[in-house]
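Trainee: I'm new to this structure and would like a close look at a single part. Could you walk me through one sheet and whatever sits around it?

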Amino acid sequence: MGNYIHTPSFVKWQDVSNNNLSLSPAQYVRLVMPNNNYLSVSQFLKRPLKRTDLGVEVGSLSYIDKSPVRFIRTKALQKHSFLPDLNSETALPILPSDFVQMNLKEGDLLISKDSNIGEIVILDKDYPNCMLSGAIYRLPVKDEWRYYLLAFIKHDIFREQLDFMVPKGATIRHAKTLFLDCKVPLPTKNVENVICFISSLTQAIINKEKIIRQRHLAIMQLIDKELEEHQKANRFCYSLPTLEEVKDLGRLDTNMYNVYFKNEVFGIMNYKNGCQNIEELGFKLSRGQNLQVSNIGKSIYSEDWHTGFYTLVLPMFLSKFGTVDEVKYLGNRNPLKTLKKGDLIFGAEGFEKGRSIVVVEEESNTITNIHGITIQQKTHDLGKAIFVKCFLDYLRSKKLIDLFAVGGNGGSLAQKYWPYIPFPKFPEAKQKEIVSLYYNAKKYDTSGFTLENFLEKDNEFNFGAGIYELDKSAKQLKQILNKAIDDIVNDRKVEIRFSL
């Protein structure tokens with residue numbers, strides 16, 4: 001278990017007797033939190049929870065293909081993000097007649113009581129056309145405690161308490177309102193400054209996550225605009241596939257013959273400066289490292305880095321914004337297939353395929369697994385690699401990656417179909433403009449940061465930073481935040497600093 005739960009190696013007969021002779025191991029596990037200065041979650045709320053704070057279930061019969069209103073599921077609340085992850089799987093279109101207006105506002109805290117219990121997010125804007133599932137509460141938190149409470153609920157101390165309190169064994173676990181009894185420790189030294197420190201760090205991380213989403217949207221819009229404004233005089237006219245097309249693809253069961261696919265691809269191929277495929281751009285494709293024991297022998301997997309270990313970046317941990325939500329580390333004595341600066345990792349399989357990242361910095365021992373495609377180049381041209389990555393994101397946003405793919409369980413974008421993927425020859429200036437939104441080589445210098453000017457200085461950095469720099473600095477602040485929370489939990493002095 002985690003750092004705050006103690007499992008005894010033995011129990012006394014007196015303890016067994018006091019627990020009604022229960023021999024269940026869970027009865028003897030204890031929460032260890034040295035700081036006795038705490039409030040329960042309920043004490044951070046303006047008022048007791050009401051039925052109106054809970055979402056409403058609509059049932060699967062309400063789900064439809066298109067609608068102006070959506071139903072937010074618990075899957076939208078993810079551990080890696082302070083903001084909701086809304087997509088076709090987590091925010092479902094429903095019948096307008098079944099929609100319940102909940103007036104979701106920017107700054108609302110949403111917490112899951114079922115399934116992924118205890119996950120919490122803060123809304124980045126108003127969502128007037130969305131409603132919550134019956135497994136999500138909107139917390140009426142006191143304004144002055146909003147970011148402090150959010151930070152602690154995101155931390156392991158909260159999750160481990162809730163896991164400790166909620167019965168295990170069921171397929172779907174139900175926390176009900178037990179989360180209200182979880183303890184949130186308060187600092188005992190330099191109280192006001194430490195609370196401000198925790199709140200400011202949390203606010204800064206949220207700001208960065210918001211801007212990452214804005215940068216990603218701006219990239220998609222720039223690509224769309226460039227394609228639309230620089231078309232040749234040709235006009236799209238759909239025609240059924242010819243025998244030559246079928247022979248070339250070698251398949252009948254593919255989406256590459258449908259009207260939408262052909263129309264979207266035409267818009268790319270009809271770009272005035274022409275197109276290239278991935279090989280013509282100077283890249284070659286290969287599968288990631290096969291990590292099976294039969295291929296590389298036994299390995300040691302770890303959540304923490306150790307000298308000589310490989311950094312394992314799995315496609316399942318890539319976000320749609322081109323960031324890495326989580327990494328693992330792998331120890332193996334054999335030389336494995338590593339990635340270099342300017343290489344791409346592309347998730348080629350499953351329902352979330354099409355997500356990718358670029359290896360921006362020269363890092364040794366970075367690998368991915370066989371479920372990812374590695375896209376490598378001899379020249380290690382970082383700008384070219386980032387433009388390819390951004391355009392792959394564009395194709396994914398247009399659903400074209402899904403349509404190129406074949407097979408069940410989400411399908412797979414096999415390597416043999418990559419020659420059919422067109423990449424437009426944008427002018428160098430336009431490519432640089434797009435690339436700068438993802439990577440702008442800006443150092444996060446915290447040397448002049450103080451508690452008083454932190455948010456202002458941080459926003460100055462954010463203004464010119466790309467997605468990569470924003471994500472990297474957000475991860476740095478998360479480490480500092482988690483260290484500060486650990487110190488509060490263990491009743492240690494919290495050092496107010498903004499560098500690791």
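Mentor: Sure, and keep in mind as we go that this is a predicted model. Let's start with an open sheet of four strands, which run in the order β12-β19-β16-β17 with antiparallel pairing. The edges are held by β12 (283–287) and β17 (356–358); each has a single partner strand, so one side of each is left without a neighbour in the sheet. On average, neighbouring strands here are turned by 20° against each other, if you ignore direction.

Now zoom in on one pair. Strand β16, residues 344–347, and strand β19, residues 372–377, pair in the antiparallel sense over four bridges. If you want a spot to find by eye, look for leucine 344, which stands opposite isoleucine 375 in β19. As for what holds such pairs together in general, strands of a sheet pair through backbone hydrogen bonds, either parallel or antiparallel.

Next, what lies against the sheet? That's helix α8, which packs on it and touches β12, β16, β17 and β19. The direction of α8 makes about 165° with that of β17.

Follow α8 (382–397) and you'll meet another helix, α4 (191–229). α4 and α8 pack at an angle of about 85°, and their axes are 10 Å apart. Angles of 65 to 115 degrees count as roughly perpendicular, so α4 is roughly perpendicular to α8. From α4, the residues involved are His216, Ile219, Met220, Ile223, Asp224 and Leu227, and they meet Cys390, Phe391, Asp393, Tyr394 and Ser397 in α8. Sorted by class, that contact has seven nonpolar, two polar and two charged residues.

These two helices turn up again at the second largest pocket, which has a volume of about 1,200 Å³. Its lining is made of 32 residues, and Leu86, Asn87, Ser88, Lys320 and Phe321 lie nearest the centre. The elements that give two or more residues to this lining are α4 and α8. The largest share, six residues, comes from α4. By class, the pocket lining has 15 charged, nine nonpolar and eight polar residues.

So here's the route to trace on your screen: begin at the four-stranded sheet, step to α8 packed on it, cross to α4, and finish at the pocket that α4 and α8 both help to line.

Terms used. Residues are numbered from 1 along each chain as its sequence is written. This is a predicted model: local features need pLDDT of at least 70, side-chain atom pairs count only at pLDDT 80 or more; totals for chains, interfaces and linings use all residues. Side-chain values use heavy atoms; hydrogens and water are left out. On a 1 Å grid over the protein atoms alone, a cavity is a set of points where a 1.4 Å probe fits but cannot get out, and a pocket is an open set with protein on both sides within 12 Å along at least five of seven lines; lining residues have an atom within 4 Å of a point. Grid points are joined across faces, edges and corners, and a volume is the space filled by probe spheres set on the points. Ala, Val, Leu, Ile, Met, Phe, Trp, Tyr, Cys and Pro count as nonpolar, Asp, Glu, Lys and Arg as charged, and the others, Gly among them, as polar. Two strands pair if DSSP finds at least two bridges between them. Axes are lines fitted to C-alpha atoms, for helices over the stretch in contact, and angles run from 0 to 180 degrees between N-to-C directions. Contact means heavy atoms within 4.5 Å. Angles under 35 degrees count as roughly parallel, over 145 as roughly antiparallel, 65 to 115 as roughly perpendicular and the rest as oblique.
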